[in-house]
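Let's take a walk through a protein together, one piece at a time. Have the picture in view as you read.

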Amino acid sequence: MTNRPSCDVVVVGAGMVGAACALYAARAGLDVVVVDRGPVAGGTTGAGEGNLLVSDKEPGPELELALLSARLWSALARELGGAVEYEAKGGLVVAGTPEALAALTARAAGQRAAGVETCDVAADRLRDAEPYAAPDLAGGVLYPQDAQVMPTLAAAHLLRASGARLATGRTVTGVLRGTDGAVRGVRTDRGDVLAPAVVNAAGTWGGEVAALAGVTLPVLPRRGFVLVTEPLPRRVRHKVYAADYVADVASDSAALQTSPVVEGTAAGPVLIGASRERVGFDRSFSLPVVRELAAGATRLFPFLAHVRAVRAYLGFRPYLPDHLPAVGPDPRVPGLFHACGHEGAGIGLATGTGHLIAQTLTGKTPDLDLAPLRPDRFPEEAAP
């Protein structure tokens, strides 16, 4: 890249959130360059399942962002056709005991009041929704708004649709600032990219990019494994997960937690999660974790006990201490915007995040109140 002014905004990160920021910023009339040290979707996005969920969100700012994002994803799916493998499959959350079911249905009532579509499913009707599910489940709640995309494909197609210039294989080594403290662009190992606005969409590495601008954003990596089966006929119709998955998502524990999450894909393999643990950026394979995932999945779908697992992969969810992403302008550095810290929900929340970032970049009032998502809401000592 040259040292001349090259664009209106630099987006750091070519994952799903960065792709969505590029798309909506470009559609707002801005000239965009996307910079990433690796390939498109080479970080957390490429290690995800592609979930677009409202079912696992409590009423509040994250659910509002999820509902906005769901509407935008639906519109993009109509526009892009089958290119992103969008499936409006719905989610089914199941409970193993009457007590768990009572808590689940009470939670669904609160979500329904916040705009989520829900449908209670009695135990004797669960097999109508999922014929191969375990017969001893107490019941569940169906969430028709839950959907799925193929994340790597979707990120690539959003970037292509944006028309943004893509600068992959370039490591950002600094955030350039003028004498007034305002952003002037980014420095990379292959030259400077000058612009009056920088969007930090670096996911799990968002804290490192923030530090290059001289500010604290306490993003931590939360490791998770996904187990992949051999291709199968479609036997799992929805994204199906146990009610305790929601508690695991909200937990602050660094210890290993697993809760069964099972879903089919358009290509045939069944994806099995979910595990969460804070072990830094340790990429070691863990057989005990994968065994727990397999055991949990067979509890929900006994037929899986006879199915071969062909591979497992892992990724790092970008975790912030209050389980909310950082979205919007950073008042500490004029011209710096953050769009990271979405934990395991980045694929689903990407479109809403990109839309809101584009609105703030162009001086419009954002559709949602960004105050709960302010990037400077954490005390300085919260840095990892």
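How do the residues lining the second largest cavity divide into nonpolar, polar and charged? There are six nonpolar, no polar and two charged ones. Here Ala, Val, Leu, Ile, Met, Phe, Trp, Tyr, Cys and Pro count as nonpolar, Asp, Glu, Lys and Arg as charged, and the others, Gly among them, as polar. Before going on, know that this is a predicted model, in which local features need pLDDT of at least 70 and side-chain atom pairs count only at pLDDT 80 or more, while totals for chains, interfaces and linings use all residues. Residues are numbered from 1 along each chain as its sequence is written, and side-chain values use heavy atoms, with hydrogens and water left out.

Let's stay with the empty spaces. Rolling a probe the size of a water molecule over the atoms shows where empty space is left. On a 1 Å grid over the protein atoms alone, a cavity is a set of points where a 1.4 Å probe fits but cannot get out; a pocket is an open set with protein on both sides within 12 Å along at least five of seven lines; and lining residues have an atom within 4 Å of a point. Grid points are joined across faces, edges and corners, and a volume is the space filled by probe spheres set on the points. This structure has two cavities of 30 Å³ or more.

The second largest cavity holds about 30 Å³ of space. Around it you'll find Pro61, Glu64, Leu65, Leu356, Leu368, Asp369, Leu370 and Leu373. Helix H2 gives the most to that lining, with three residues. (Helices, H or I with at least four residues, and strands, E with at least two, are DSSP runs numbered from the N terminus.)

H2 turns up again at the largest cavity, which has a volume of about 40 Å³. There, H2 provides the largest share of the lining, four residues, and both H2 and H9 supply at least two. The lining includes Ala66, Trp73 and Leu349, and by class it divides into seven nonpolar, two polar and no charged residues.

So what does H2 itself look like? Helix H2 covers residues 61-80, 20 in number, and reaches 28 Å from its first C-alpha to its last, close to the 28 Å expected at 1.5 Å a residue. That expected span is 1.5 Å times one less than the number of residues. Among its buried residues are Leu63, Leu67, Ser69 and Trp73; buried means under 20% relative accessible area, exposed over 50%, and partly exposed in between, with a 1.4 Å probe and protein chains only. The cover over the buried residues of H2 includes H1, strand E3 (51-52), H5 and helix H9 (346-361). Just after H2, Gly81 takes a positive phi of about 65°.

Now for the inside. In soluble globular proteins, nonpolar side chains tend to be buried together. A nonpolar core is a set of buried Ala, Val, Leu, Ile, Met, Phe, Trp, Tyr and Cys residues joined through side-chain atoms within 4.5 Å. The largest one here has 63 residues, and Met16 and Val199 have the most contacts inside it. Helix H1 (residues 16-27) brings the largest share of this core, nine residues. A second, separate core of 27 residues includes Ala133, Val236, Ile272 and Leu293.

Look at Val9, in strand E1 (residues 9-12). Val9 counts as buried because its relative accessibility is 1%. Its contacts (heavy atoms within 4.5 Å) include Ala25, Val33, Val199 and Leu361, leaving aside residues up to four places away in sequence.

Next, the open spaces. The second largest pocket has a volume of about 320 Å³. Of its 18 lining residues, the closest to its centre are Met150, Pro151, Thr265, Leu271 and Tyr313. Helix H5 (151-162) and strand E17 (309-319) each supply at least two residues of that lining.

Finally, some backbone oddities. Most residues other than glycine have a negative phi, and most peptide bonds are trans. The peptide bond from Gly273 to Ala274, however, is cis, with omega near -5°. His323, in the loop between E17 and strand E18 (326-329), has a positive phi near 65°. Glu343 has a positive phi too, near 55°, and is buried, with a relative accessible area of 7%.
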